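Colleague: Could you take one helix of this model and walk me through it slowly, and then through its surroundings? I'm at the bench most days, so please explain the cut-offs as you go.

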Amino acid sequence: MTSFSLSPSSLRGARVSVIGAGRVGSTLAQRLVEKNIADVVLVDIVEGMPQGIALDLMEARGVERHDRQIIGTNDYADTSNSDIVVITAGLARKPGMSREDLLKTNAKIVVDATKKALERSPNTILILVTNPLDVMTYLAWEASGLPTQRVMGMAGVLDAARFQAFISMELGVSIQDIHTMVLGNHGDLMVPIPRYCTVNGVPLTELMDTPTIERLVDRTRTGGTEIVNLMKTGSAYFAPASSTCLMCEAILQNQSRVLPVAAYLQGEYGINDVFLGMPCQLGSNGVEKILKLDLTDSEKAALSHCADTVRENIDQAKAVVGSI
């Protein structure tokens, strides 16, 4: 079984291929078509599942009032000429598991998916969602052969969104007025920067005392774990899908949005050859610019520690997948 009735040639406009039709991938497909951002090709190894999800989404078009096309398939040939490829495939976390626990299995999945997708879309932009995010992004970049600006990880957008939510809950103010900045890796070592977080222009440090800010920072760092522990049989997918959709929209519509994403560092803050969350300008070329912030020595040290940890995990992953 490959794809249902519609052929790839029937797709119109921008095309996003989503590799992995689990909860994150299927929710992302829904976001993309219902926001009228792109047509979607949904790929999974399970026969029938992506086809069924695609058909369900197609049947919802009359209610949601859009004409976007969705293909469900088990064949990477249907992803040809994708503008963006998003990789969500891999095992999700279960209670007691860290993102690093997923490294060995997901490394093989991501490298294989990247190579197959890039055979059909050699000029695509690649967005990684699979955990451990920063390591998977590096492996995918090496496997893809793409320029660094065309490979990125969805991390900071989600982490910043979680920080926004917790601040909104604490202060009782509209989340639309809250802007946050989170750097570093997607995990317990991430580096939220309260000095750069504001509520309608008012610095967060003027609205909360230090213990409250530190409590919300800690909750942000463990935001994904909190959801895993509550759900017990799965992990977050609504917010990750929305965060990835925002990145796709910024790229496909060339919005030059400044968003925190996992980007390749080449000397920024003294860090080289690793993907870490940074404020980036996203447009049609991918990561068009990495913005450099004026960080304190302690913040720089925290970023450096993040980088060291990610490199260690990259070495472990390479030992699993072999030469890329």
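Modeller: Happy to. Let's take helix α4, whose buried residues pack against β1, β4, β5 (125–128), α5 and α10 (297–321). Packing here rests on contact, meaning heavy atoms within 4.5 Å. Helices (H or I, at least four residues) and strands (E, at least two) are DSSP runs, numbered from the N terminus. Please keep in mind that this is a predicted model: local features need pLDDT of at least 70 and side-chain atom pairs count only at pLDDT 80 or more, while totals for chains, interfaces and linings use all residues. Residues are numbered from 1 along each chain as its sequence is written, and side-chain values use heavy atoms, with hydrogens and water left out.

The buried residues of α4 are Leu103, Asn106, Ala107, Val110, Val111, Ala113, Thr114, Ala117 and Leu118. Buried means under 20% relative accessible area, exposed over 50%, and partly exposed in between (1.4 Å probe, protein chains only). A general point helps in reading such a list: an α-helix has 3.6 residues a turn, so residues three or four places apart point the same way.

The length of α4 agrees with expectation, because its 18 residues should span 26 Å at 1.5 Å a residue and its end C-alpha atoms are 26 Å apart. The expected span is 1.5 Å times one less than the number of residues. Lysine 115 also sits in α4, and it counts as partly exposed because its relative accessibility is 36%. Its C-alpha atom lies 33 Å from that of alanine 302, which is 187 residues away along the chain.

Now to the open space beside this helix. α4 gives five residues to the lining of the largest pocket, the most of any element. That pocket has a volume of about 960 Å³, and the residues closest to its centre, out of 43 that line it, are Thr88, Ala89, Gly90, Leu91 and Ala92. Two or more lining residues come from each of α1, α4 (103–120), α6 (156–171) and α8 (223–231). By class, the lining has 21 nonpolar, 14 polar and eight charged residues.

Those terms need unpacking. On a 1 Å grid over the protein atoms alone, a pocket is an open set of points where a 1.4 Å probe fits, with protein on both sides within 12 Å along at least five of seven lines; lining residues have an atom within 4 Å of a point. Grid points are joined across faces, edges and corners, and a volume is the space filled by probe spheres set on the points. For the classes, Ala, Val, Leu, Ile, Met, Phe, Trp, Tyr, Cys and Pro count as nonpolar, Asp, Glu, Lys and Arg as charged, and the others, Gly among them, as polar.

α1 (residues 23–34), which shares in that lining, has twelve residues and reaches 16 Å from its first C-alpha to its last, close to the 16 Å expected. Its buried residues are Val24, Gly25, Ser26, Thr27, Leu28, Ala29, Leu32 and Val33. They pack against several elements, including β1 (15–19) and β4 (84–87), two strands that the buried residues of α4 also pack against. Helix α9 (238–252) is another partner of α1. Cysteine 245 is found in α9 and counts as buried because its relative accessibility is 2%. Leaving aside neighbours within four places in sequence, cysteine 245 is in contact with Leu28, Arg31, Leu32, Lys35 and Ile37. After α1 comes asparagine 36, with a positive phi near 60°.

Finally, back to two partners of α4, namely β5 and α5. The loop between β5 and α5 holds proline 132, and the peptide bond from asparagine 131 to proline 132 is cis, with omega near -5°. The largest nonpolar core has 87 residues, of which Ile127, Met152, Val261 and Leu282 touch the most other members. Helix α5 (residues 133–144) gives the most to this core, with eight residues. Such a core is a set of buried Ala, Val, Leu, Ile, Met, Phe, Trp, Tyr and Cys residues joined through side-chain atoms within 4.5 Å. Apart from it lies another core, of 14 residues, among them Ala160, Ile178, Val182 and Ile213.
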